[in-house]
Amino acid sequence: MNWTINTKTEELQRRAVQVRRRSKHLWRRLALLLAVLGPGLITSNVDNDAGGISTYSLAGAQFGYALLWSLIPMTIALYVTEEMCARMAVVTGKGLSDLIREEFGFRPTFFVMVAGFLVDLGNVVAEFAGVASAVEIFGISRYIAVPIAGLVVWVLVLRGTYRQVEKIFLALCSFYLAYAFSAILAKPDWLDAARHTVIPSVQFNSGYLLMVTALVGTTIAPWQFFYMQASFVEKRIGARQYPQARADVIAGSVTCMVIVFFIIVCTAATLYTSGHRNIADAAEAARALVPLAGRWASLLFAFGLLNASLFAASILPLSTAHVICEGLGFEAGIDRKFKEAPIFYWLYTILIVVGGGLILIPRAPLFRILVLSQVANGVWLPVVLIFMILLINRRDLMGEHVNSPTFNVIAWVTSVAMIALTLVLIYFGLFHPSAATGGL
Amino acid sequence: MLHATEVLGGEAYDANGSFVGRVSELFIEPADQPNRVARYLLARGKYLPLLARHDQVSSVAPGMIKLNVEEKELEHFHTNEAWLAVRKDLLDQQIIDTHGRKVVRVNDVDLSEQRTNGTVELRVTDVDVGLTGAARRLLQGLASPAVIRRIQQKLPARTIRWEFVNLIEPDPLRRVKLRITHDKLEKMHPADLADIMEELSPAERQAIIASLDEQTAAEALAELDSRLTSQIVEKMAPERAADIIEEMEPDKAADVLAGLSPEVSQDVLEELQGKEAREVETLLSYDEHSAGGMMTTEFVYVGETATRGEVVEWVRQRADINSENLDTIFVIDGDAKFSGDIAVGRLLLAEEDVTLAQLKSEPLVSVAPDAKEKEVFALFDKYNLRSLAVVDRSGRPIGAIAVDDVITRLREKL
C-alpha cells in the first residue's frame with residue numbers, strides 16, 4: 001500500500017515542453033485575438049444607429065461628396081476616445097461609472113447618470129422610430145413590428161449570457177454590409193468620392209457647418225464609452241491582452257467609418273445628383289432610392305436601417321442600465337439573473353417599454369424629444385470626456401499606462417473640438433430647432 | 001446618531017466662539033482605536049488647514065462642531081499614512097461585507113456620540129450602503145439637515161456593522177499601517193471568497209490574495225474563474241506562487257499553470273519541489289480536453305486483500321489524505337492493476353473483516369488518459385459515478401476524475 005505514482009520524469013518533462021511550444025503557433029494567437037474581439041466592434045457599429053444613418057443620409061443628399069473629408073478625422077477622434085476606455089478597462093478592471101464614483105464622488109456621478117438616462121431615452125425612441133419607419137417600407141404596420149421588436153430585444157438580453165448576446169450582436173454587425181451593396185448599386189463616381197475623402201472641401205455656410213457638427217455629435221456619444229469599458233470588464237480582459245483590445249477598438253472605429261462612407265456615397269450618388277436634396281430621414285432616403293438605383297438598393301438600405309435600429313435598441317438600454325446601477329452601487333450585468341439584479345433589469349425594461357411605447361402613440365412630439373435628447377447629449381459629452389481624460393492621467397489608477405504627452409495633446413484637442421461642436425449644436429437645438437433636423 | 005455627511009462640511013468654532021474653519025475630513029487611527037474619530041481636519045480656505053483632536057471637541061451637531069480650546073492651540077495638518085480618512089478612503093469606495101459575503105460601495109458612515117467629561121467622541125458604528133446614505137449625499141448642502149433627515153426616514157435603510165467591514169487597500173505598506181487583516185475572509189467558504197474577488201479590480205484582488213495564508217489562497221484561487229487566477233498568479237513572485245500552488249490539488253494546479261505564460265510557468269515549476277512538481281508535470285502533458293486533462297493524481301487505492309477494518313485504520317493514520325478524496329476508494333490486485341472501486345457508503349455499512357475484493361462493485365469502469373471528454377461524461381452519467389478511475393496501458397491506476405470536475409467542464413460548455 002503506497003501513495004506515490006511512478007512517473008518517468010524526463011519523458012514527461014519533454015512532453016510538457018512540447019505542450020508549451022504549441023501555444024506559440026499562429027493559430028493560437030488568432031484564437032486569442034478572436035477571444036477578445038467584440039466590445040470595440042459592437043460599440044462602433046452600433047454608432048450607426050437610426051439617428052446616425054439619418055444624419056449620414058442627409059449629409060450625402062444635401063452636400064454630395066463634400067463632407068467625406070470629415071471621415072478620417074472622425075475615425076481618429078473615435079479611436080482616441082474609445083482606446084482610453086479600453087485601456088482603463090484592462091488596467092483598472094473597473095467600469096467608467098465606478099471610476100467616476102470613486103474618484104469624483106456621489107454628486108457628479110448622479111448628474112452623469114441622470115443626463116445619461118435622459119439622453120439614452122431619447123436615443124431609444126429614435127431607434128424604435130427607425131424600426132417603425134423601416135418596416136413600413138417593407139409594408140408592415142408599425143403597430144405590429146414595434147411591439148415584436150421590443151419583445152425580441154427584451155428577451156434576448158434577459159435570456160442570454162454575455163457571450164451569447166455578444167455573438168448575436170457581432171453577427172448583426174455583418175449585416176451592415178448591406179450598405180456597401182446599396183452603394184455599389186447606386187453606381188457612384190468612386191474617383192470623385194475618393195478625392196473628396198482625402199481633400200477637404202469646406203463650405204462656410206451655416207447649413208454645412210451644422211451638418212459637420214451633427215455628424216460629429218452622432219458619431220461620438222458618451223454611452224459608447226460606458227458600454228465599451230463595461231464590456232471589456234465583463235469579458236475579464238486583463239492588461240496582458242491590451243494589444244488585442246486595442247486591435248478590437250481599431251477594427252471597430254475603421255469599420256464604422258467605412259459603413260458611413262458607403263451610406264454617404266450611396267445617397268450622394270443618387271439623391272444629390274438628381275436633385276432630391278431635401279429628405280427628412282433615413283426612411284425617406286430609402287424610398288427615394290427606388291427610381292434612382294432600383295428596388296434592391298432601396299430594400300437593402302431599409303434593411304440596413306432595420307438592422308441598425310434593432311441592434312441599437314438592444315444595446316442602448318443595456319448600457320444605460322449599466323451606468324446607473326454601477327454608479328448607484330446596484331448589481332448589474334446580463335450574466336446575473338433577474339433576482340440578483342432587479343434594478344438593472346427593471347431599468348432596461350422601462351427604457352424599452354417607454355421608448356417603444358412613445359412611437360406607437362399617434363402624434364407624439366417625437367421631434368421635440370429627439371432635439372431635447374441631443375441637447376442633453378451636448379451637456380453630457382463634455383463632462384464625460386473631461387472626466388475620462390482626468391482619470392486616464394492618474395498615475396495611482398493607471399500606473400505606467402497613463403497617457404503619453406503626445407496622446408494627451410491629441411486627446412485634449414479632440415475633446416475640445418467635440419465640445420465646441422456640440423455646444424454649437426445645443427445652441428441650435430434650443431433656439432433654432434428646425435435647423436437642427438440634420439442631427440437626429 | 002450622526003452621519004459623516006452631516007459632520008463633513010460643518011463649521012467649526014473654538015472656545016471663544018470664533019469661526020475656525022470647515023470640517024473637510026475625519027480621521028480614524030486604527031492602530032490606536034479601530035472605530036474612533038481621532039482627528040478632524042479643518043479647512044481654512046487659503047490658510048493651512050488645522051487638526052482638532054478628539055479630546056478638543058466639546059459638542060458635535062449636524063453642520064457644526066464646537067471646540068473646547070482656542071484656535072492657536074490646534075496643531076497644523078500633516079499627512080499620516082496610518083490614518084484612515086473617512087471621505088477619501090471610505091466614502092464611495094468598495095468594501096467587503098464579511099457578514100453578507102459580498103462587495104458593496106459605501107454611501108455614508110454612521111457615527112455614535114459618546115460624552116466623556118466635557119468632550120464628545122464620535123465612533124463609527126455602521127456603514128450605509130443603501131438609499132438613505134445616497135439621499136443624504138445627494139442633498140447635503142442643498143437642503144437643511146432637518147429636511148434631509150425627514151426625507152431619509154421614508155427610505156429603506158441598508159447598513160453594515162463596522163465590525164463586518166473589511167477594507168480593501170492595494171498598497172501592502174498602508175495595509176499594515178491601517179491594521180487591515182483578512183482573518184474574517186479566511187473563515188469564509190472559498191466559493192464565497194472567490195465571488196467577492198471576482199467583483200474587485202485586479203489590484204484589489206492581488207491585495208486580498210497577498211494577505212491570505214497559502215491554504216486559503218489556494219482554495220479561493222481554485223474556485224475563481226481560471227482567467228482571473230492566471231492573471232493573479234502571473235503577478236506574484238514565483239516562490240509565493242509555488243507555495244500556494246503546492247497547497248492545491250494537482251489537477252487544479254496544472255490548470256493554473258497551463259494558463260500562465262510559458263516563462264512564468266517555467267519559473268513557478270522550478271520553484272515547486274519534488275513530488276508535487278512531478279505530479280503537476282504529468283498532468284500538464286495531457287490534452288486539456290481528454291480524461292488525462294481532467295484527472296487529479298490524488299486518490300486512494302488499496303490492495304483488494306485488505307479488510308474493511310484495516311482500511312479504516314490505515315486511512316485514519318494517514319494525515320495527508322484529504323477527506324474529499326475518500327468518496328470512492330480504488331482497489332488494485334496483486335499486480336497493482338486496477339480491479340474495482342468501492343463507494344465510501346458501502347465501506348461504512350460493511351462488517352470489519354470483509355475484504356475489499358468482496359465489496360467492490362461491478363462492472364469494472366475505467367478510462368484511458370487519452371479518452372475524449374464526451375466519453376468521460378457518458379460514463380459518469382451511465383454508471384452514476386462519483387469518481388472515475390483513469391488507468392494506463394497496463395491497467396494501473398494513474399488518476400481519478402471527480403464528479404465536480406465534470407460539472408465544472410459541463411458548465412463551461414453551456
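Student: What phi does A:Lys187 take just after α10(A)?

Tutor: In this predicted model, A:Lys187 takes a positive phi of about 50°, just after helix α10(A) ends.

Student: Which residues of α10(A) are buried?

Tutor: Helix α10 of chain A covers residues 177-185, and its buried residues are A:Ala178, A:Tyr179, A:Ser182, A:Ala183 and A:Leu185. They are on the same side of α10(A), because they cover an arc of only 160° around the axis. These buried residues pack against α14 (242-274), α15 (282-293) and α16 (295-328) of chain A.

Student: Now for another helix. How do you know that the span of α8(A) agrees with its 18 residues?

Tutor: Helix α8(A) runs over residues 142-159, and at 1.5 Å a residue it should span 26 Å. Its end C-alpha atoms are 25 Å apart, so the two values agree.

Student: What makes the buried residues of α8(A) line one face of the helix?

Tutor: The buried residues are A:Val146, A:Ala149, A:Gly150, A:Val153 and A:Trp154. Seen down the axis, they fall within an arc of 120°, so they line one face of α8(A). Their cover includes α7 (106-137), α16 and α17 (342-360) of chain A. The face turned away from the buried side carries exposed residues: A:Ile144, A:Leu151, A:Val152, A:Val155 and A:Arg159.

Student: On to chain B. Why is B:Ala85 called partly exposed?

Tutor: Count the other C-beta atoms within 10 Å: B:Ala85 has 17. Buried needs 20 or more and exposed needs 12 or fewer, so with 17 B:Ala85 is in between and counts as partly exposed. B:Ala85 sits in strand β9 (residues 84-85) of chain B. Leaving out residues up to four places away in sequence, B:Ala85 touches B:Glu25 and B:Phe27.

Student: How far is B:Ala85 from B:Ser394 in space?

Tutor: C-alpha to C-alpha, they are 66 Å apart, with their positions 309 residues apart in sequence. Chain B is divided into domain 1 (2-162), domain 2 (181-285) and domain 3 (301-413). The C-alpha centres of domain 1 and domain 3 of chain B lie 61 Å apart.

Student: What makes β19 and β21 of chain B edge strands?

Tutor: Each pairs on one side only. The open sheet has 3 strands in the order β19-β20-β21 (chain B), and its pairing is mixed.

Student: How do you know that β20(B) and β21(B) pair?

Tutor: Pairing takes at least two bridges, and these strands have 5, in the antiparallel sense. For instance, B:Val390 has B:Gly399 in β21(B) as its bridge partner. Helix α20 (residues 403-413) of chain B lies across β20 and β21 of chain B, at about 60° to β21(B).

How values were computed
Residues numbered from 1 in each chain as written. Chains lettered and ligands numbered in written order. Predicted model: local features only at pLDDT ≥ 70, side-chain atom pairs only at ≥ 80, totals over all residues. Helix = DSSP H or I, 4+ residues; strand = E, 2+ residues; numbered from the N terminus. Contact = placed C-beta atoms within 7 Å. Axes fitted to C-alpha atoms, helices over the stretch in contact; angles between N-to-C directions. Domains from an automatic or database assignment. Arc of directions from axis to C-beta. Expected span 1.5 Å × (residues − 1).
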